[in-house]
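Visitor: I am new to this structure. Could you take me through it, beginning with a single residue?

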Amino acid sequence: MTGSLPVAIIGAGPVGLAAAAHLLARGLAPLVFERGAGVGTSLKAWGHVRVFSPWGYNIDAAARTLLEETGWSAPNPKALPLGGEIVRHYLEPLAAHPALAPHLRFGAQVSAIARHGLDKMSSEGRADTPFAICWRDANGAEHRSLARAVIDASGTWSQPNPMGADGLPVPGEEEAAAHVAYGIPDVSGAERETYSGRRVLVVGSGHSAINVVLDLLRLQEAAPTTRVTWALRRNRMEKLLGGGLNDALPARGALGLAATQAIAAGRLDVLAPFAAERIVGGAAGLDVSGRLGTEPWTRTVDRIVVATGFRPDLAVLREVRVALDPAVEAPPALAPLIDPNLHSCGTVPPHGAAELAHPEPGFYIVGSKSYGRAPTFLMATGYEQVRSIAAEIAGDHDAARSVHLVLPETGVCSAAPATAGASGCCGGPAPRDADACCADDAQAKAEGKDGCGCDTAAPQAEAPPRRGTAA
């Protein structure tokens, strides 16, 4: 009784639209629900950030086939796009395709997913009962749509982790919300005036935090009174910055190298390991207290950026039978494959419908949400996930289980640390816009010297990035 119904997709980001393209290729109708007014809502929020992976990794094969029907020309496969460029040059043209556009619902906020007429405890006939997707449109009107299967590609961007080392907000964090930003704010662009000349505390030990710190240091060059403190909740600096030129995604390696150079130059105060305990607002700013190692620590700042990662929103799944790893919050078969303590984003084994299955037949979580709390998800991983799932829903079980995924290895996520200057020319690539052949040459010139004396240039990315993030 469900065969004639569409497959519901929650989220019109890169992975959600890729799922729709693969379903269309197999003659199945998608029904895509997007909370935003257009595609790529989350990417627009970090549209100023340049991703680590080049265009060649960021375009899904089925989506490319649809786009090429319209005469679309793919961007340079070696270039590194900004988040906003992915939306403008890829997602928006894809959403406008006449085969896909009628299946999109914008301004559609999904509030719950269930089996039509059955609660979570009901088992009889469950697998043959359609899913019911409860959602509100842009005018606030309630709707229920039926579907034969559900693919949750809603991501994690709307659920940032709080500041507390225990996964909880610290006392005073919610009260200080007007002065606290989460994720990757555009501190040197659209929000420049908010951060210029301010005392800024950045909390986080991942690449989002490095992005923010480096942007603040660029702002500091124009506004020297800007003060930057970087607090890492774990003492893992060498591991975080150690990929360098060993990283097969050059942008990610260059990011670590740039942060290493800034620390060596003394341009920011680094705290590790740091655990925040309280925020108190006052006339002079925010008084932040915590512990640096085992010692008490207090400082007054003007702004706080919490870049401590994201977590999945599981509230809409209360009536769906899902199975999640208790630590990673990913499907149990996937969790050990993506545990950041064991794997980098380049060493994740190929996986698809079998690893993403739940006790609820026909229900799948894909994309960054499928990784739960694990970081460094890459778009190419999501594309293979939805290719496999579309094949499984269509009944092509052999294709669903024949998963193939080649990802670039990284020396940053969990590999053994490498010395920044161990290979390449004088400390690695020069910072963007620097009149220098390498990092050490840029540093020497910044100190008033002629340079480092190199006569060969360091390896550079196709388009040296200002910023980067795992897609």
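**A buried arginine**

Guide: Arg 311 is buried (under 20% relative accessible area, 1.4 Å probe, protein chains only), yet Arg 311 has no salt bridge (a side-chain nitrogen of Lys or Arg within 4 Å of a carboxyl oxygen of Asp or Glu). The nearest side chain of opposite charge, Glu 329, is 6.1 Å away; Lys and Arg count as positive, Asp and Glu as negative, and His and the chain ends are not counted. This is a predicted model, in which local features need pLDDT of at least 70, side-chain atom pairs count only at pLDDT 80 or more, and totals for chains, interfaces and linings use all residues. Residues are numbered from 1 along each chain as its sequence is written, and side-chain values use heavy atoms, leaving out hydrogens and water.

Visitor: Which backbone oxygen does the side chain of Arg 311 reach?

Guide: That of Gly 167, at 3.0 Å. Arg 311 also touches (heavy atoms within 4.5 Å) residues including Thr 156, Asn 161 and Arg 373.

Visitor: And where does Arg 311 lie?

Guide: Arg 311 lies in the loop between β15 (303–306) and α10 (335–338). Helices (H or I, at least four residues) and strands (E, at least two) are DSSP runs, numbered from the N terminus.

Visitor: Changing topic, how many helices and strands does the protein chain have?

Guide: The protein chain has 14 helices and 16 strands. Of its 471 residues, 52% are buried.

Visitor: What pLDDT does the protein chain average?

Guide: The average is 85, on the predictor's confidence scale from 0 to 100 for each residue. Residues 410–434 stay under 50, and residues 454–471 are also below 50.

Key
Buried means under 20% relative accessible area, exposed over 50%, partly exposed in between (1.4 Å probe, protein chains only). A polar contact is a pair of N or O atoms within 3.5 Å; within protein, one must be able to donate a hydrogen and the other to accept it, and residues adjacent in sequence count only if both atoms are side-chain atoms. Lists of a residue's contacts leave out its neighbours within four places in sequence.
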